[in-house]
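Visitor: I'm new to this one, could you walk me through it?
Guide: Gladly, let's start by bringing it up.

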Amino acid sequence: MGEQNHSPGKELQHRTRAEAPGKESWHSQAYALGAVSNFMSTFLTFPIYKVVFRQQIHAMAVSEAVRQLWHEGPQYFYRGIYPPLLSKTLQGTLLFGTYDSLLCFLSPVGPHTLGHRWAAGLMSGLVEAVALSPFERVQNVLQDGRKQARFPSTFSILKEFNSYGLWGRLSLGYYRGFWPVLARNSLGSALYFSFKDPIQDGLAEQGLPHWVPALVSGSVNGTITCLVLYPLIVLVANMQSHIGWQNMPSLWASAQDVWNTRGRKLLLIYRGGSLVILRSSVTWGLTTAIHDFLQRKSHSRKELKTD
């Protein structure tokens, strides 16, 4: 019971020092914990994400986006969930696992400074962007209501992409909008991991229940990161909703189009911010709390085996 005041970040640092010869097994565990936590949080929050996506594409109000989805029918609420479910599971695997591996590489015995956490988060976000951008591309096409008739399934989208030449498959197909994805993911991961443990440590020192510091830390980090990078999120959604050889605007043209369609006002780019805050708070709060819970359970089993 006395371990309530120890944060997961400090526990992890202590264990990394104590278990340096067995770091490889810890890394494999970090990948598994990231996968499970992201899978669960993605499934629970997908309907919220879909409403936010419609707002980003059509610049409509929350009530109108909900009404549009309801008019299409409840059977479409989870249309397009398989790409994000797979990609987010892989995201958790890569994000937490790669981050842990890079952090231990940069600082094998600790302590892990802000610079170490920032660098490891930045690089893990880069790996994530390269690996998962194709999944997000397919997901964004699936969730655009204007393309349901032409592309009713994931297979139909893949067939379209594979009909292009090799360069076209990458630049116009699977990796459309890659540069803003790279900037968003690398900066987002760096921000999240830089401040997750410090916030969690500070709350844990107040004697709160185990799950509260992780939940609050994840929610605060996810919200701030998403709001800072929201213009990139809108740009990615709009770029990746385009498909075909014709009318495929460049990065700069896409950015100008987003700016012009929002009335050249920053406030209108942030339209739908209330749902973005809700989605980010819930998703990253749940992900961090689930990850922390699984991590503690794993530590407890190891301690029992050791005893």
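Guide: One term before we begin: a pocket here is an open set of grid points with protein on both sides within 12 Å along at least five of seven lines. Please also keep in mind that this is a predicted model.

Visitor: Okay, so what volume does the second largest pocket have?
Guide: The second largest pocket has a volume of about 240 Å³.

Visitor: And which residues line it?
Guide: The lining of the second largest pocket is made of Trp167, Leu170, Ser171, Tyr175, Arg176, Gly177, Phe178, Trp179, Pro180, Met239 and Leu251. The elements that contribute two or more residues to that lining are helix 7, spanning 166–174, and helix 8, spanning 178–204.

Visitor: How does that lining split by class?
Guide: By class, the lining of the second largest pocket has 8 nonpolar, 2 polar and 1 charged residues.

Visitor: Staying with helix 7, at what angle does helix 6 pack with it?
Guide: Helix 6, which covers residues 154–162, packs with helix 7 at an angle of about 135°, and their axes are 9 Å apart. Because of that angle, helix 6 counts as oblique to helix 7.

Visitor: Which residues make the contact?
Guide: Helix 6 brings Leu158, Phe161 and Asn162, while helix 7 brings Arg169, Leu172, Gly173 and Tyr174. Sorted by class, this contact of helix 6 with helix 7 has 4 nonpolar, 2 polar and 1 charged residues.

Visitor: Switching topic, how many aromatic pairs are there in the whole structure?
Guide: A search of the whole structure finds 10 aromatic pairs. In one pair, the rings of Tyr99 and Phe193 have their centres 3.8 Å apart and their planes at 10°, so the pair is stacked.

Visitor: Where in the chain do those two sit?
Guide: Tyr99 belongs to helix 4, residues 82–106, and Phe193 to helix 8, so that pair links distant parts of the chain, 94 residues apart.

Visitor: What about closed spaces, how many cavities of 30 Å³ or more turn up?
Guide: Searching the whole structure gives 2 cavities of 30 Å³ or more, and the largest cavity holds about 840 Å³ of space.

Visitor: Which residues lie nearest the centre of the largest one?
Guide: The largest cavity is lined by 38 residues, and Lys88, Gln91, Arg184, Arg279 and Trp284 are those that lie nearest its centre.

Visitor: Which helix gives the most to that lining?
Guide: Helix 9 gives the most to the lining of the largest cavity, with 8 residues. As for classes, the residues of that lining divide into 14 nonpolar, 19 polar and 5 charged.

Note on methods. Residues numbered from 1 in each chain as written. Predicted model: local features only at pLDDT ≥ 70, side-chain atom pairs only at ≥ 80, totals over all residues. Heavy atoms only, no water. 1 Å grid on protein atoms, 1.4 Å probe; cavity = no way out; pocket = protein on both sides within 12 Å on 5 of 7 lines; lining within 4 Å. Points joined across faces, edges and corners; volume = space filled by probe spheres on them. Helix = DSSP H or I, 4+ residues; strand = E, 2+ residues; numbered from the N terminus. Nonpolar A, V, L, I, M, F, W, Y, C, P; charged D, E, K, R; others polar. Axes fitted to C-alpha atoms, helices over the stretch in contact; angles between N-to-C directions. Parallel < 35°, antiparallel > 145°, perpendicular 65-115°, else oblique. Contact = heavy atoms within 4.5 Å. Phe/Tyr/Trp six-rings, centres within 6.5 Å; stacked < 30°, edge-to-face > 60°.
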